[in-house]
Amino acid sequence: MRSRKAYRASSLPEVMRGVLRRYGLALVLAGLALFLDGILPFPEGVGIYQLPIAAVVLSAWYGGRGPGWFTTLVCAPGLMYWFVPPVNSFEVLPHHEPAYFIFIALCLLVSEFSAGRRRAEHQTGVLAAIVESSDDAIISKDMDGIITTWNASAERMFGYAAGEVIGKPVKILAPPDRVDEMRAILERIRRGERVDHIETVRRRKDGTLLDISLTVSPIIDANGAVVGASKIARDISERKRTENALRETDNALEMARAELAHVARVSALGELTTSIAHEIAQPLGGMIASAGAGTRWLSTEPPDIAEARAALANIAADGKRARDVIARIRALTKRQTPRKETLDFNHEVLEVLALTERELRRHDIMLRTQLDSTLPHLQGDRIQLQQVLINLILNAIEAMSGVNDRPRELTIVSTQDGPNAVWVEVRDSGTGLDAKSAEKVFEAFYTTKSNGIGIGLSITRSIVEAHGGRLCVSPSEPHGAVFRFSLPVTEEALS
Amino acid sequence: MSVELPAVFVIDDDPSMRRSLDTLLRSVALDVHLFSSPQEFKNARRPEAPGCLVLDVRLPGMSGITFQEELAKAGVALPIIFISGHGDVPMTVRAMKAGAVEFLTKPFDDQVLLDAVFAAIERDRGRRRDAVVLAALQARYRELTERERQVLQLVVAGRANKQIAAELLLSVVTVKVHRGQVMRKMGAKSVAELVRMADRLILPGSA
């Protein structure tokens, strides 16, 4: 009971007043009917029933079933006492009985019908009120595309008053490039189909454009024929604006992240300078040696052409190798917006090891790799993913630089993590992390290095997360730390 | 002397570097043996020719210096030429102290490497010759009796026969006989030569 009261729009006294008004009117009408029956010269017979029936009809129409019955309840004994012979007694002569009972039956029937009618009208009124008060523009049109109804929100949204547009073609709402779309919608309505939540553009009265989400349903009459269409339009320009703003913020953020990643990448390469110089010096040394050899092979008597040719082939191979090293570095130092491409992660591991292997050796670190050759391809930015590996490897080197009482080992494992992810582990035998710093290593500007600025691991994590993966660190047994990250394999990459 | 080609042993884990060094060293008529790791080198049977070792200071699994120390312990006396990337100065110092012949920084000049290799081979050849001579001396020394060795020691210490006789409680004649035996067995034509031999044998009292 309580909750029902709570939902009531009007207060209790108001409800009571409504009841009093409906029943009061019923009583007045009943009294009036009986009074008029008394003073007006009605012919004998059924004539006396006309006014009470009218009273019942009116009170039922105004007040519903209850007041209708109430009027009947008042009129029936009144008629019986004053007008139905024998007059001035609560008796009915036998030949007047049918008429009297038919009167009562009629009264009940009329009450019922009037009340039903009233309810229906009330409901229509409620529906109209809903339509009118809706935040969405609700418009109906006939099959010729002529607007037939127009609610308040439509007025607000499009700027036309109802009187201005009802009877006009709905086309006036479409910007020139959307007229065809409107025609297509009407065609679908004609076939009895519904058009659900399409996002489109309409034109206001002042000519400005408006983003809306539109639902159009056919209006079907009692015979099942499509006689028109109702359109519900929601103003989504605010949402669109927010979306655009968000997208711009996202883009700016992405750009900033790429910029920072680039700086970090160049700084990481800086740490690898010695090893990279070696990677170039190695093939250069080979080229010089082969060139010297080639000259000598040609100076022998007779010249050894086959050996000279082989020496030239060596030179070419070394030249290509140096070129590849430079290409790798150039790719890593290039400033570019992140791009997604399908890639084999193992290949990226090998690319990175080509640049860092020497660095590992320089620090007397044993490298082990376990790369799963059945790894599914994934989508990602090649350079940024290489950066993730470089950062983790540099981090491992740093962590092991103080280790002298046990082997320095770096293990890189790639494996499948379920059907939809690739799992990578970078494990070192370094000093490890306590629980406190394990939480902190991914924070920007947190560093344990004397010369680090502490953005490496924070960028590493942000890159992994931007690829839809996650990166975590845990202690490795018996020594060191293990960084693990997973990268999702997208549907496009699978195919 | 051996007529075998001098042998050069190259240990480098980089296949293309091995190929380049191979053709370069073969182009000057050297017998080249290539290995990708110290382990492979240790397991291989090596020709007993004068030669040298060309080695990268950063070998996989072991630093070149550690390997140098291991070889020294195992009595492998091959001269070593180290090849390094730059930035390995402390390592250079250690290697040179441990007896490396040459320390080349990549990318090195081919002629510089060849010069270093020939110098190393020459050094090995000399070492081998010395070793042969020394071995012969040692063999002769082993043939001396205990008494003759005592006499030898006193002779190279510069004692006269009389002093030796007094010290060993022998007659001068007996000392002379022993002394003649020593000179004959050791193949020394003069006392001076005998002193030099004793020097090489590093006998006590020869200093």
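# A guided tour of chains A and B

Of the 207 residues in chain B, 46% are buried (under 20% relative accessible area; exposed is over 50%, partly exposed in between, with a 1.4 Å probe and protein chains only). This is a predicted model, where local features need pLDDT of at least 70, side-chain atom pairs count only at pLDDT 80 or more, and totals for chains, interfaces and linings use all residues. Residues are numbered from 1 along each chain as its sequence is written, chains are lettered from A and ligands numbered from 1 in the order in which they are written, and side-chain values use heavy atoms, with hydrogens and water left out.

## Stop 1: the two chains

Stay with chain B. Colour it by secondary structure to see nine helices and seven strands. Helices (H or I, at least four residues) and strands (E, at least two) are DSSP runs, numbered from the N terminus. Show its surface next. Chain B exposes about 10,300 Å², and carbon and sulfur atoms supply 55% of that area. Accessible areas come from the Shrake-Rupley method with a 1.4 Å probe; for residues, only the protein chains shown count as cover. Now turn to contacts (heavy atoms within 4.5 Å). Among those in chain B between residues at least 6 apart in sequence, 62% join residues at least 24 apart.

Switch to chain A. Here there are 16 helices and twelve strands. Of its 495 residues, 40% are buried. Its exposed area is about 26,700 Å², with 59% supplied by carbon and sulfur atoms. For contacts in chain A with a separation of 6 or more, residues 24 or more positions apart account for 61%.

## Stop 2: a helix pair across the chains

Two packed helices are described by the angle between their axes and the distance between the axes. Select residues 273-299 of chain A, helix α10, and residues 110-143 of chain B, helix α5. Their axes come within 8 Å and cross at roughly 80 degrees. Axes are lines fitted to C-alpha atoms, for helices over the stretch in contact, and angles run from 0 to 180 degrees between N-to-C directions. α10(A) is therefore roughly perpendicular to α5(B). That label covers 65 to 115 degrees; under 35 is roughly parallel, over 145 roughly antiparallel, and the rest oblique.

Which residues make the contact between α10(A) and α5(B)? Show sticks for Ile288(A), Ala289(A), Gly292(A) and Arg296(A) on α10(A), then Asp110(B), Gln111(B) and Leu114(B) on α5(B). By class, the residues of this contact are three nonpolar, two polar and two charged. Ala, Val, Leu, Ile, Met, Phe, Trp, Tyr, Cys and Pro count as nonpolar, Asp, Glu, Lys and Arg as charged, and the others, Gly among them, as polar.

## Stop 3: a helix pair within chain B

Select α7(B), residues 161-168, and α8(B), residues 172-186. They pack at about 105 degrees, with axes 9 Å apart. These two helices are therefore roughly perpendicular to each other. On α7(B), pick Asn161(B), Lys162(B), Ile164(B) and Ala165(B); on α8(B), pick Val172(B), Val175(B), Lys176(B) and Arg179(B). The contact has four nonpolar, one polar and three charged residues.

## Stop 4: two residues in chain A

Go to Ile232(A) in strand β5, residues 226-235. Is Ile232(A) buried or partly exposed? It is partly exposed, at 34% relative accessible area. Beyond four places in sequence, Ile232(A) touches Asp136(A), Ala137(A), Ile138(A), Ser213(A), Leu214(A) and Thr215(A).

Next, centre on Thr337(A), in the loop between α11 (305-333) and β6 (341-343). Thr337(A) is partly exposed at 44%. Leaving aside neighbours within four places, Thr337(A) contacts Met255(A) and Asp381(A). Draw a C-alpha distance to Glu254(A): 8.3 Å, across 83 residues of chain.

## Stop 5: backbone exceptions

Most residues other than glycine have a negative phi, and most peptide bonds are trans. Look at Lys106(B) and Pro107(B), joined by a cis peptide bond with omega about -5 degrees. Pro107(B) sits in the loop between β7 (102-105) and α5 of chain B. In chain A, a cis bond joins Glu477(A) and Pro478(A), with omega about -5 degrees. Pro478(A) is in the loop between β11 (470-475) and β12 (481-488).

Now find Ala29(B), a non-glycine with a positive phi of about 60 degrees. Its loop runs between α1 (15-26) and β2 (31-35) of chain B. Ala29(B) is partly exposed at 47%. Asn88(A) also has a positive phi, near 60 degrees.

## Last stop: cysteines

Select Cys52(B), buried at 0% relative accessibility. Then take Cys472(A), partly exposed at 33%. How many disulfides does the structure hold? Zero, over all chains, where a disulfide is a pair of cysteine sulfur atoms within 2.5 Å.
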